[in-house]
Amino acid sequence: MLSIPSYIEPDFESEPFLSSPDASTGAVVSGKLPDDFYSTASFPTYVKLNGKWTFVKSSRPDAAIRIDNGDAEIVDFSDLKDGDKIVTGRLDKGVKGVYVHSNAFRIESSSEDEAELFRSGFSRETSQTRDYDELYDTLKYDRDEGNIIWALGTACAYDYDSRRAMSNIIKSGYCDALICGSAFATFDLEAAEFNTCQGQDIYTKKLTKNGRYNQLDILNSLNSAGSLENYIMAGNIRDGVMSSAIRENIPTLISGSARDNKFPGAISDESELRKKMISVLSKATTVIVLASDSLTVTASDLTPTYILSDGIVRPVYFFTVDISEFTVNKVRSRGMHGYRGIVTNIQDCLVNLERNLI
């Protein structure tokens, strides 16, 4: 059973907090931020305003803190306007009106002996049993108490069992929003229509005649339908991940890219995509990224390490599952409170999840 770690409030009645001045601010002029603008971290953050330490309700790296009517809010640099007052100064230890609470949750401590330091990363040989158990417990808890976001790489569409498992996970209530690329969506629909992915049968692995056209035929039909929803409902598509997400009314964010053919609803504008991803991920209590280096890096950069829910500050759990050790260990270096990485293939992971959750 998942036990949410307690949030440790800073003692603002002690030093250096008592002697700290209010946070300094400067105005945006002609689109330019003050030279000493403060850039946020992903950890719980406080700013001192009018003699009182104020909690910043959400955060993410590399953004500004705008002060408006005594309130502090996180704003992307590109969304700031002339005249906006933003926090300045680059000390966040509580001595200059800004405090980043990097040790905010009461978590199990561990020793730092030589053996642990040697085995501190994630590799193919690293034990995964506890990580899987924690993933099961987290999903069971957040199905009822939280907001679970999945980000899926294209490999999730290549295999018969993994598609079925992810579809059943969605149908069973373990998904509150889905993020994927246009390639994954197209491959999943190709599998639903033809039982192939890029022309190869997803079960027998046999290549089909003119199979390379299957994906293109799907794209042609999607463009004709005008939207993913129209295509699935009009075609009575009931197999696969995208069908399950649409039929279960799961918000679905699909990114386009320069290398993939786009279809209606896929977002290629990077600024728009970033804003929509921030909107989705800012509500997350658990994020699971499967088989995608780009989605792993992007989602980890845009996901806060904490969320304020019903007046309680709790950590956001972030799981990366990938066959690449580099991808799994890259997020680990961020120091996220609730991060877990599992180095394995996606088919095994999704089948394990289906067997233990449903």
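In this predicted model, helix α3 runs over residues 160-171. Its 12 residues cover 17 Å from the first C-alpha to the last, close to the 16 Å expected at 1.5 Å a residue. Right at the start of α3, D159 gets involved through its side chain: one of its oxygens comes to within 3.1 Å of the backbone nitrogen of D161. At the other end, just after α3, G173 has a positive phi of about 90°. The buried residues of the helix are S162, R163, A165, M166, S167, I169 and I170. As for what they sit against, these buried residues pack on β8 (148-152) and on three helices, namely α4 (182-194), α7 (241-247) and α11 (346-357).

One of those partners, helix α4, also holds E193. This glutamate counts as partly exposed, because its relative accessibility is 40% and so falls between the 20% limit for buried and the 50% limit for exposed. Leaving out neighbours within four places in sequence, E193 touches I218, Y231 and I237. For a sense of distance across the model, E193 and L33 are 160 residues apart in sequence, and their C-alpha atoms are 52 Å apart in space.

Strand β8, another partner of α3, belongs to an open sheet of 6 strands. Going across the sheet, the order is β12-β9-β8-β13-β16-β17, and the pairing is parallel. The edges are taken by β12 (252-255) and β17 (338-343), each of which pairs on one side only. On average, neighbouring strands of this sheet are turned by 10° against each other, direction ignored.

At the β17 edge, the partner strand is β16 (residues 317-322), which runs parallel to β17 and is joined to it by 6 bridges. Among these pairs, Y317 has G338 of β17 as its bridge partner, and F318 is matched with Y339. Is β17 enclosed or open to its surroundings? Although β17 is an edge strand, 5 of its 6 residues are buried, so the strand is largely enclosed by the rest of the structure.

The end of β17 brings in a residue from elsewhere in the chain. Q128 lies in the loop between α1 (114-118) and α2 (129-145). Residues up to four places away in sequence aside, Q128 is in contact with I342, V343 and T344. The contact with V343 includes a polar one: a polar atom of the Q128 side chain is 2.5 Å from the backbone oxygen of V343.

On to the cysteines. A disulfide is a covalent bond between the sulfur atoms of two cysteines. With a cut-off of 2.5 Å between sulfurs, the model contains 0 disulfides. Why is C175 unpaired? The closest cysteine sulfur, in C180, is 10 Å from that of C175, which is too far for a bond. C175 is also buried, as its relative accessible area is 3%. C349 is likewise in no disulfide, and the nearest cysteine sulfur, which belongs to C156, is 8.5 Å away. C349 is buried too, with a relative accessible area of 0%.

A few backbone details are worth a look. Most residues other than glycine have a negative phi, and most peptide bonds are trans. A291 has a positive phi of about 55° without being a glycine. It is placed in the loop between β13 (286-290) and α9 (293-302). Is A291 buried or exposed? A291 is buried, since its relative accessible area of 19% is under the 20% limit. D310 is another non-glycine residue with a positive phi, here near 55°. Its place is the loop between β14 (306-309) and β15 (312-315). D310 counts as exposed, because its relative accessibility is 78% and the limit is over 50%. Finally, the peptide bond joining E15 and P16 is cis, with omega about 5°. P16 is in the segment before β1 (25-27).

Key
Residues are numbered from 1 along each chain as its sequence is written. This is a predicted model: local features need pLDDT of at least 70, side-chain atom pairs count only at pLDDT 80 or more; totals for chains, interfaces and linings use all residues. Side-chain values use heavy atoms; hydrogens and water are left out. Helices (H or I, at least four residues) and strands (E, at least two) are DSSP runs, numbered from the N terminus. The expected span of a helix is 1.5 Å times one less than its number of residues. Buried means under 20% relative accessible area, exposed over 50%, partly exposed in between (1.4 Å probe, protein chains only). Contact means heavy atoms within 4.5 Å. A polar contact is a pair of N or O atoms within 3.5 Å; within protein, one must be able to donate a hydrogen and the other to accept it, and residues adjacent in sequence count only if both atoms are side-chain atoms. Two strands pair if DSSP finds at least two bridges between them. Axes are lines fitted to C-alpha atoms, for helices over the stretch in contact, and angles run from 0 to 180 degrees between N-to-C directions.
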